[in-house]
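These are my notebook entries on one protein chain. I set down below what I looked up, entry by entry.

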Amino acid sequence: MHVTDQIVLYLDDELQGEERALFEAHLAVCSSCRMALEEERRLIAVVRQARPLYPLPPTLPARLAQVLRQAASGPSVNRWRILRPWLAAAAVVLAAVAIPLVWRATHAPFPGPSEVAQVAVQTHQRYVRGQLPLEIQSHSPEEVSRWFENKVPFNLKLPNYPESPGQPKPYELQGARLISFHDDYAAYICYQLQGRPISLLVTSATTARPAGGQIIRWGGLDFHFDALNGWKVLTWTDQGLTYALVSDFEERGQASCIVCHPGPQDRPMFEGLKLR
């Protein structure tokens, strides 16, 4: 049985002993399965909320049978008058059943990730595995920005975290390199946040546009979210540049956005990108 097939069994407490321990150990290292587990929990919550608010009375079956007999024996006008409230009640029941089905349909798998998202994840994987050395290693955003001058077909200026006395930076720039993309170069920048790697791929909006995935609209921008090979990737276009941010952080990996949005005024954006 595939591990994803065990999610429902896990939520129903049907996984026990070693099988349950193995599944929980897998969850600890697999962000995709953690996200699938949360989606299933949300679906169950919606179904439970759709249950009738009150238990059906025990006399209901007998009463319903009586109404049907009256409707069958009476004239057509009276038949409709008798059945109308029961049909309304049936519509409510059907709505309660249909809501979870519609919810599941609207939460069906999203369109596949865009090319820029796939390239960003592949590049991030190669870097994490030590297969892709950085061409410049520096903790200075200014130095890395200067290194990219005349190497990429767009102006790139990396943000610098505003340091406060006695407070270390929450993340650290590691360095960068060029990535071949569509007969030109894209900028690949690496960070460390809480000991975990983050990659930012930047290219011009004329070269690549985000597409596919789950779309989250916030702040006038469309963020496209995908989970590929256990990595979270957010892609978006802003002011002529297309960005792809890769990490293994929780939910949609929105914590990694701090590398470009460190200020307190950016806090609403982190909330806006959270799972609902």
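**Entry 1. The chain as a whole.** I looked first at contacts in the protein chain with a separation of 6 or more, and 55% of them are accounted for by residues 24 or more positions apart. The model is a predicted one, which I keep in mind throughout. I then read off the secondary structure, which comes to eight helices and eight strands. Of the 276 residues, 39% count as buried. The accessible surface comes to about 16200 Å², and carbon and sulfur atoms hold 55% of that surface.

**Entry 2. Strands β2 and β3.** I next followed strand β2, residues 171-181, into β3. The two pair in the antiparallel sense over 10 bridges. They form a hairpin with two residues between them. In the turn I noted His-182, which has a positive phi of about 55 degrees. Phe-181 has Asp-184 in β3 as its bridge partner. I also checked burial: seven of the 10 residues of β3 are buried, so this strand is largely enclosed by the rest of the structure.

**Entry 3. Strands β3 and β4.** I continued from strand β3, residues 184-193, to β4, and found the two antiparallel and joined by seven bridges. Here too I recorded a hairpin with two residues between the strands, in which Gln-194 takes a positive phi near 55 degrees. Leu-193 stands opposite Arg-196 in β4. Further along this pairing, I listed Leu-200 in β4 as the bridge partner of Ile-189.

**Entry 4. The other pairing of β4.** Which strand is joined to β4 by six bridges? I found that it is strand β8, residues 241-247, and that the two run antiparallel. Leu-200 stands opposite Leu-245 in β8. I therefore entered Leu-200 under both pairings, with Ile-189 as a bridge partner and with Leu-245 opposite in β8. Is β4 largely enclosed or not, and why? Eight of the nine residues of β4, residues 196-204, are buried, so I recorded the strand as largely enclosed by the rest of the structure.

**Entry 5. His-124.** I located His-124 in helix α6, residues 115-128. Its relative accessible area is 0%, and because the cut-off for buried is under 20%, I entered His-124 as buried. Leaving aside residues up to four places away in sequence, I found that His-124 touches Tyr-188, Pro-197, Ile-198, Ser-199, Trp-231 and Val-246. Which side chain makes a polar contact with the side chain of His-124? I found that of Ser-199, at 2.5 Å.

**Entry 6. Ser-145.** I located Ser-145 in helix α7, residues 141-148. Is Ser-145 buried or exposed? I read a relative accessibility of 9%, and Ser-145 counts as buried because the cut-off is under 20%. Not counting residues up to four places away in sequence, Ser-145 touches Leu-156, Lys-157 and Leu-158. For Lys-157, I also noted the spacing to Ser-145: they are 12 residues apart in sequence, and their C-alpha atoms are 5.2 Å apart in space.

Terms used
Residues are numbered from 1 along each chain as its sequence is written. This is a predicted model: local features need pLDDT of at least 70, side-chain atom pairs count only at pLDDT 80 or more; totals for chains, interfaces and linings use all residues. Side-chain values use heavy atoms; hydrogens and water are left out. Buried means under 20% relative accessible area, exposed over 50%, partly exposed in between (1.4 Å probe, protein chains only). Helices (H or I, at least four residues) and strands (E, at least two) are DSSP runs, numbered from the N terminus. Two strands pair if DSSP finds at least two bridges between them. Contact means heavy atoms within 4.5 Å. Accessible areas come from the Shrake-Rupley method with a 1.4 Å probe; for residues, only the protein chains shown count as cover. A polar contact is a pair of N or O atoms within 3.5 Å; within protein, one must be able to donate a hydrogen and the other to accept it, and residues adjacent in sequence count only if both atoms are side-chain atoms.
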